[in-house]
Amino acid sequence: MPEQTPDESISSAGAGGVMDLALEEGTTLERTPGGPEGTGPAEKPRSLWSDAWRDLRRNPVFIISALIILFLVIISIWPSLIADQDPLNCNLDKAQEGSQPGHPFGFDGQGCDVYTRTVYGARNSVTVGVCATLGVTLLGGLLGGLAGFFGGLSDSILSRVTDVFFGIPVVLGGLVFLSVVTSSTVWPVIGFIVLLGWPQIARIARGSVITAKQNDYVQAARALGASNSRMMLRHITPNAIAPVIVVATIALGTYISLEATLSFLGVGLKPPAVSWGIDISAASQYIRNAPHMLLWPAGALAVTVLAFIMLGDAVRDALDPKLR
């Protein structure tokens with residue numbers, strides 16, 4: 001058997017070592033899930049909504065504001081859970097008195113329990129905010145989305161109409177529109193807010209739809225013969241609705257504040273309705289002698305508006321890809 005030279009021995013051993021190493025790596029790759037880097041099985045790509053929900057769950061601002069809003073919704077539906085008295089049951093003998101056992105917030109100028117009225121006042125305020133936001137979003141989103149999708153004359157008409165509505169001062173419009181309404185329910189206030197609030201959502205929806213319809217997947221669907229309704233419902237709306245949701249969430253707190261402002265001026269909700277704006281208006285003349293009458297309903301209003309604005313900011317941060 002011929003002897004190998006030292007160079008040939010080294011070359012043979014090197015080739016064998018390389019082959020063994022390649023076999024070991026191949027076995028390792030077969031046993032390691034997810035590819036050569038051992039990162040585990042490939043994850044399914046997450047959508048914008050799943051990423052947003054993951055970010056919201058980790059955001060303490062969202063958690064705190066959501067808990068506050070959940071509490072407000074619960075006491076709006078079932079105020080008797082934490083207030084067992086009648087908000088319209090008043091005793092003039094206790095007018096303007098301070099905190100007492102069983103009456104932690106004291107009494108107002110008519111001898112009504114401030115705590116009970118503060119709790120029951122959340123119902124009308126939250127109802128106005130939620131219903132007005134739904135109406136504004138549906139009307140403004142529909143008109144703005146159709147104008148942005150079809151363009152042309154409809155888009156020009158919507159732009160001019162929104163300019164007219166933007167020129168109407170909200171408070172002045174409320175004084176004119178609601179001064180002739182005698183109803184003490186929330187529906188005239190909701191109707192007024194929807195009437196003047198839809199142009200903002202319409203412009204947001206219009207711009208978002210114009211941006212979404214220029215994407216390649218919409219052009220591909222159009223080339224494949226998809227109908228306008230299918231493109232709007234399946235391709236454009238899911239990708240254009242995020243800015244509308246953000247603006248509507250922030251606007252909800254603004255609508256609650258607007259209801260309180262109109263009620264304070266005497267043209268919003270009217271007695272015997274229970275509202276934070278009505279209580280603030282009644283307490284303003286007693287602010288020196290009985291500041292507690294103003295403190296609690298005004299504090300509840302401020303916390304509620306702040307909670308919805310914080311929620312809107314958290315949703316905006318989660319849905320805005322530029323902030324990732």
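Tutor: Contact here means heavy atoms within 4.5 Å. This is a predicted model, where local features need pLDDT of at least 70 and side-chain atom pairs count only at pLDDT 80 or more, while totals for chains, interfaces and linings use all residues. Residues are numbered from 1 along each chain as its sequence is written, and side-chain values use heavy atoms, with hydrogens and water left out.

Student: OK, which residues of H8 meet which residues of H9?

Tutor: Tyr 217, Val 218, Ala 221 and Arg 222 in H8 meet Asn 228, Met 231, His 235, Ile 236 and Asn 239 in H9.

Student: Why are H8 and H9 called roughly antiparallel?

Tutor: Angles over 145 degrees count as roughly antiparallel (under 35 is roughly parallel, 65 to 115 roughly perpendicular, the rest oblique). The axes of H8 (residues 216-223) and H9 (residues 228-240) cross at roughly 170 degrees, so the pair is roughly antiparallel.

Student: What makes Asp 279 and Arg 117 a salt bridge?

Tutor: A salt bridge needs a side-chain nitrogen of Lys or Arg within 4 Å of a carboxyl oxygen of Asp or Glu. For Asp 279 and Arg 117, the N to O distance is 2.9 Å, and that makes the cut. Asp 279 sits in H11 and Arg 117 in H4, so the pair ties together parts 162 residues apart in sequence.

Student: Why is Asp 163, the partner of Arg 160, called partly exposed?

Tutor: Buried means under 20% relative accessible area and exposed over 50%, with partly exposed in between (1.4 Å probe, protein chains only). Asp 163 has 34%, so it's partly exposed. Asp 279 and Arg 117, by contrast, are both buried.

Conventions
Axes fitted to C-alpha atoms, helices over the stretch in contact; angles between N-to-C directions. Helix = DSSP H or I, 4+ residues; strand = E, 2+ residues; numbered from the N terminus.
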